[in-house]
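User: Hi! Could you walk me through the pockets in this protein?
Analyst: Happy to, let's look at it together.
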Amino acid sequence: VGSEMCIRDRIQGWSVRGPHAYFRLVEETDTGKAAVNVQFFAPAQARLKPLLLKNRLRLADGLKVRIFGHLDFFAPSGQLGLKMSGIDPRFTLGELALQRDDVVRRLVATGLYDRNKRAPMSPAPLRVGVVTSVSSAAWADFLHEIERSGFAFQLSVVDVRVQGEWAVTEVAAGLRTLGRHRALDVVVVIRGGGSRSELATFDHEAIATAIALSPLPVFTGLGHEIDRSVADEVAHSALKTPTACAAALIAVSYT
């Protein structure tokens, strides 16, 4: 077993089995890939849960982490792994911030950063394309606000995953699809609150580029009021919540 050690790499193969979680920390280089198996047992999860909640982090595939633990040899299979006992949330938050800053710099350099802000806005944007998960509270909140306005909104919805492995691809594709829809006035991207690591989906360059290149103005209503993603930065109008996004469309149409 030995003394506590520290390792840092990207999570792959996140798996929950009963009360425990298992994953690999993987480092990929030009010459190959190195991985270590990690066991995140229930007692350690319970002890670290307040720290993760405080920093609004949720462990999942693709997240870069710095963790602490003890080497563990499993005799039946002859495998050496790591029993996780701690984590440094500042490392993960720092990595997310660096990735975000790199994306913003590239968008500014290519002239995409403020492109969608110049997209012409209809005086009555009643034909609305929506990119969201239709099973989410975000969609329910947005739809409720639209319906109670009494205005003749026409909604075209693309149902996508807003977190997880396929979220970036699906959201970007949904934006491109609605951007080609000539019978629309505006496109809206909404999702409810989540951890910082989950909301980092909307810091991805593919989504930001799809928003920037949309010929239609894009409104965003993503996460909590305190959150601001790269998608918000490049959108025509960034609102704090899905409900606020609907209210903004109603206000424009009313005036």
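Analyst: One term before we start: Ala, Val, Leu, Ile, Met, Phe, Trp, Tyr, Cys and Pro count as nonpolar, Asp, Glu, Lys and Arg as charged, and the others, Gly among them, as polar. This is a predicted model, where local features need pLDDT of at least 70 and side-chain atom pairs count only at pLDDT 80 or more, while totals for chains, interfaces and linings use all residues. Residues are numbered from 1 along each chain as its sequence is written, and side-chain values use heavy atoms, without hydrogens and water.
User: Cool! What classes of residues are in the lining of the largest pocket?
Analyst: There are 16 nonpolar, 13 polar and 13 charged residues. A pocket here is an open set of points on a 1 Å grid over the protein atoms alone, where a 1.4 Å probe fits, with protein on both sides within 12 Å along at least five of seven lines; lining residues have an atom within 4 Å of a point.
User: Which residues lie nearest its centre?
Analyst: In the largest pocket, those are R58, A60, D61, L63 and S197, out of 42 lining residues.
User: And the second largest pocket, what's nearest the centre there?
Analyst: R100, R196, D203, D227 and R228, among 15 lining residues.
User: What mix of classes does that lining have?
Analyst: The second largest pocket has 7 nonpolar, 2 polar and 6 charged lining residues.
User: Which helix gives the largest share of it?
Analyst: α2, with 4 residues; helices are DSSP runs of H or I, at least four residues, numbered from the N terminus. In the largest pocket, α2 also gives the most to the lining, with 7 residues.

Definitions and conventions. Helices (H or I, at least four residues) and strands (E, at least two) are DSSP runs, numbered from the N terminus.
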